[in-house]
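Please walk me through this model, beginning with its strands and ending with the surroundings of its ligand. I would like the backbone irregularities to be covered on the way.

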Amino acid sequence: MERASFFLANGCTPLSLSHDFILPADVRPVTSSVSTSITVPVIDLNDKQSLLVKKISDACQEYGFFHIINHGVPEELCRRMMAAVSDFFKLPPEERSHLFTEDKTKPLRVFNFYLKVEGQNKVTMWSETLVHPWHASDDFANFLPRNPPHYRELASEYAKEIGWLMRRLLSLISQGLGLKKDSLRVRLGDKPRLVSHANYYPPCPQPELTLGLPAHTDLNALTVLMQSEDVTGLQVMTKDGEWIAINPLRNAFVVNIGDQIQVLSNGRYKSVHHRAVGSKCSERVSIAMFYGPNKDTVVGPVEELVDEDHPPVYRSYRYEEFLEEFHRQEGTRRRVKEVFELQH
Ligand SMILES: O=C(O)CCC(=O)C(=O)O
Ligand SMILES: [Fe+2]
């Protein structure tokens, strides 16, 4: 059966792998060099508390990424949420194009990631992303798309569940660092910046020539990601600089450390590079729920984690300063937290 063409929200011709999407050879994903022998830990949230804290701590130090199972979020809700995102991207392009903007101050928007490349203006990534705020208890439905009609209700319900999960994860991560349960949550402030990115990757005729999402680290503190169950795409860089695939696992979430926890933990926990590659045969969806400080929060290494043997790796900053640096590096393979490193 012929597959219906995908039109980008800002385009009126069917998506095709034109010059605009093709990356220079040195940044293309080399499938044959992606290791399949290593993978990130799968952590069962039903494990005994002390074991759980240790396993999460080890994963945060070694990979900055892990899977969680028995997370308590109803499977049916996850399935419906993924379907709602997929339905959103299947709306005719004119139904999404009014949300398309490069203005990052708009809370609800659709955009494409891109990379700036020498001799070529921008290379657009093979994906489209829906951005909006989320909140576990406040009503944020006004910031959500009206279409598809069930999106508002589902996203609100899903946010409530993720809110609880984030709280639990932040507590476990704090304990892993030897801190009080609520330490990281308090540090990140009582008005965290909560943003959701729903990424849609249409099938890609030549995934080896482009990327769905460029290599990046998450700028926030913590990310809970749900990905399509039957398509691969997410890849993570290990300490040794090797790409590994994070293949989907049924009824599991991927959790990863963002830059702010790397800074708060004084470099103990790692916010690592990851990217998404396209798939030739199937569309793929991922929903990243980000938890970060608000712009006025001061972030720096937690005092208890700094001593003579562990001098501060980063200087403190207002998160707004970090965001400004992040925007300054737009379109590049960003190195934002490195700008805040102290020289010893
Ligand atoms: O699609 C994915 O698996 C990765 C998404 C991601 O890294 C992000 O949205 O920050
Ligand atoms: Fe990410």
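What follows is a reading of a predicted model, taken sheet by sheet, then through a pair of helices and two loops, and finally to the ligand.

Strands of a sheet pair through backbone hydrogen bonds, either parallel or antiparallel. In this model, eight strands form an open sheet with mixed pairing, and their order across the sheet is β1-β2-β12-β9-β14-β7-β6-β3. The edges of this sheet are taken by β1 (residues 42–44) and β3 (residues 109–111), each of which pairs on one side only, and the twist from one strand to the next averages 25°. Within the sheet, β6 and β7 run antiparallel and are joined by six bridges; a reader who wishes to locate this pairing in the coordinates can look for L130, which stands opposite A198 in β7.

A further open sheet has four strands in the order β8-β13-β10-β11, with antiparallel pairing. Because β8 (residues 213–216) and β11 (residues 243–245) stand at its edges with a single partner strand each, one side of each is left without a neighbour in the sheet. Here the twist averages 20° from one strand to the next. Strand β10, which covers residues 234–237, pairs with β13 in the antiparallel sense over three bridges, and L234 is found opposite A276 in β13.

The UniProt record, in an unreviewed entry, places the feature "domain: Fe2OG dioxygenase" at residues 191–293. Over residues 191–293 the chain is 42% strand and 6% helix, and the C-alpha atoms at the two ends are 7 Å apart.

Turning to the helices, two packed helices are described by the angle between their axes and the distance between the axes. For helix α2 (residues 75–90) and helix α4 (residues 151–176), the axes come within 10 Å and cross at roughly 135°, an angle that makes α2 oblique to α4. The crossing in which α2 passes α4 is left-handed.

Most residues other than glycine have a negative phi, and most peptide bonds are trans. Against that background, two places in the loops deserve attention. N70, although it is not a glycine, has a positive phi of about 50°, and its place is in the loop between β2 (residues 65–69) and α2. A cis peptide bond, with omega about -5°, joins N147 and P148, and P148 lies in the loop between β6 (residues 128–133) and α4.

Which residues, then, are found around ligand 1? The shell consists of H197, N199, L213, D218, L225, Q227, G233, L234, H274, A276, S286 and A288; by class, these comprise five nonpolar, six polar and one charged residues. At least two residues of the shell are supplied by each of β7 (193–201), β9 (222–227), β13 (274–276) and β14 (284–292). The surroundings of the ligand thereby draw on strands of both sheets described above, with β7, β9 and β14 listed in the eight-stranded order and β13 in the four-stranded one. The facing pair met earlier, L234 and A276, also belongs to the residues around ligand 1.

Key
Residues are numbered from 1 along each chain as its sequence is written. Chains are lettered from A and ligands numbered from 1 in the order in which they are written. This is a predicted model: local features need pLDDT of at least 70, side-chain atom pairs count only at pLDDT 80 or more; totals for chains, interfaces and linings use all residues. A residue is near a molecule or strand if its C-beta atom, placed from the backbone, lies within 6 Å of it. Ala, Val, Leu, Ile, Met, Phe, Trp, Tyr, Cys and Pro count as nonpolar, Asp, Glu, Lys and Arg as charged, and the others, Gly among them, as polar. Two strands pair if DSSP finds at least two bridges between them. Axes are lines fitted to C-alpha atoms, for helices over the stretch in contact, and angles run from 0 to 180 degrees between N-to-C directions. UniProt positions are given in the numbering used here, feature names are shortened, and annotations may be inferred rather than shown by experiment. Angles under 35 degrees count as roughly parallel, over 145 as roughly antiparallel, 65 to 115 as roughly perpendicular and the rest as oblique. A crossing is left-handed if the near helix is turned anticlockwise from the far one by less than a right angle, and right-handed if clockwise.
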